[in-house]
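Student: I would like to go through this model term by term and ask what each label rests on. Could we look at it together?

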Amino acid sequence: MSFTAEWLALREPVDTAARNADVLAAFVADVGPDTSILDLGSGTGSTLRAVSSYLAQDVQWTLTDMDATLLQHAGHRHPDANLLPCDLNDLASLPLIPGGHVTASALFDLCSADYVQRLIARLDQVGASLYAALNYDGRMEWSVFHPLDAAVTAAFNLHQQRDKGFGPALGPRSAEVLSQSVPGYRVVSGPSDWVLTADHEALQTEYLRGIGIAVAETGLVPDIDKWVQARIAMIPEAECRVGHMDVLILAE
Ligand SMILES: C[S@@+](CC[C@H](N)C(=O)[O-])C[C@H]1O[C@@H](n2cnc3c(N)ncnc32)[C@H](O)[C@@H]1O
């Protein structure tokens, strides 16, 4: 599954604002000085940008992604970061450091339960912690009602569970599975919902079009195009909340 730098740039300010402050604080408290952080599915480096100002200057980041174009953007913006082009399915190739820290954002809803469990087992082998931010949790709510909202949300959430390159995707269940997979670890989690207003017109428009494409692929909502057009027309008046969860899994 591919993502464009333009789409990631559109969502980045909303993602940054949405991050759960308590989960972020617990992550920052756990990261010592002179540390390395491995970011999985880094895109252009939004996790680094969101959290590095809270961390010591000497943290060494390694950004991993299978998309060479996105990694190139990351390299231009963060020349001090290590760049690692890789398919995250190859867990054995990830350069995990004993007691180290791994981060990811907007990644695990794409992954399968089996993948998450194998990743956690791999982290457990070396006692590494994981800060997994912005996992979509299945909620889409609008302050102004449309009669197709529930049907569209249900169809979109079904589509979210299609294979995105890691096997059948967890979609809305990723935070729940991340939190359950870790006996012996301390889990800190909290909501990181997007709150979209008229100020986010470009993001909302792209997001609604993306929902429309996904739902059309399910064939479950024949009037999906009308819903997309109606929702785009309502952007100036209707707030949209998209549910996400941040999960921190701390090795103890
Ligand atoms: C939704 S984007 C999130 C990017 C970034 N973390 C952010 O929040 O802006 C998911 C990222 O995971 C990467 N990705 C998806 N499947 C991958 C795989 N199998 N191996 C490596 N990267 C993958 C994509 O290229 C993309 O950059």
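**Labels and the values behind them**

Tutor: Let us begin with Ala 106, which has a relative accessibility of 23% and therefore counts as partly exposed. Please keep in mind throughout that this is a predicted model.

Student: Why is Ala 106 called partly exposed and not buried?

Tutor: Buried requires a relative accessible area under 20% and exposed requires one over 50%; Ala 106 has 23%, so the label partly exposed follows. Ala 106 belongs to the loop that runs between strand S4 (101-105) and helix H5 (113-126).

Student: What makes the phi of Ala 106 worth a remark?

Tutor: Its phi is about 50 degrees, a positive value, although Ala 106 is not a glycine. Most residues other than glycine have a negative phi. Leu 134 is another case, with a positive phi near 60 degrees in a residue other than glycine, but Leu 134 is found within strand S5 (residues 129-142).

Student: Is Leu 134 buried or exposed, and how do you know?

Tutor: The relative accessible area of Leu 134 is 1%, and since buried means under 20%, Leu 134 is buried.

Student: Which label does His 159 receive, and why?

Tutor: His 159, whose place is in helix H6 (residues 149-159), has a relative accessibility of 11%; because the cut-off for buried is under 20%, His 159 counts as buried.

Student: What makes the pair His 159 and Glu 217 a polar contact?

Tutor: The side chains of His 159 and Glu 217 are joined at 2.7 Å, and because a polar contact asks for N or O atoms within 3.5 Å, one able to donate a hydrogen and the other to accept it, the distance satisfies the limit and the pair is listed as a polar contact.

Student: Why is Val 182 called buried although it lies in a loop?

Tutor: The label depends on accessible area, with under 20% as the limit, and Val 182 has 7%, so Val 182 is buried. The loop in question lies between helix H7 (174-180) and strand S6 (185-191). The C-alpha atoms of Val 182 and Ile 249 are separated by 7.6 Å, while the two residues stand 67 residues apart along the chain.

Student: What label do Ala 198 and Ala 251 receive, and why?

Tutor: Ala 198 has a relative accessibility of 38% and Ala 251 a relative accessible area of 25%; since partly exposed covers the range between 20% and 50%, both are partly exposed. Ala 198 is placed in the loop between strand S7 (194-196) and helix H8 (201-218), whereas Ala 251 is in strand S8 (residues 240-251). Ala 251 and Val 221 are 30 residues apart in sequence and 44 Å apart in space, C-alpha to C-alpha.

Student: Turning to the ligand, how do you know which residues of the protein offer it polar partners?

Tutor: The limit is 3.5 Å between N or O atoms. A ligand nitrogen atom is 2.9 Å from an N or O atom in the side chain of Asp 87, one is 2.9 Å from a polar backbone atom of Leu 88, and one is 3.3 Å from a polar backbone atom of Met 66. Taken alone, the ligand exposes 590 Å², of which the protein buries 98%.

Student: What kinds of residue form the shell around the ligand?

Tutor: The shell divides into nine nonpolar, six polar and three charged residues.

Methods. Residues are numbered from 1 along each chain as its sequence is written. This is a predicted model: local features need pLDDT of at least 70, side-chain atom pairs count only at pLDDT 80 or more; totals for chains, interfaces and linings use all residues. Side-chain values use heavy atoms; hydrogens and water are left out. Accessible areas come from the Shrake-Rupley method with a 1.4 Å probe; for residues, only the protein chains shown count as cover. Ala, Val, Leu, Ile, Met, Phe, Trp, Tyr, Cys and Pro count as nonpolar, Asp, Glu, Lys and Arg as charged, and the others, Gly among them, as polar. Helices (H or I, at least four residues) and strands (E, at least two) are DSSP runs, numbered from the N terminus. Buried means under 20% relative accessible area, exposed over 50%, partly exposed in between (1.4 Å probe, protein chains only).
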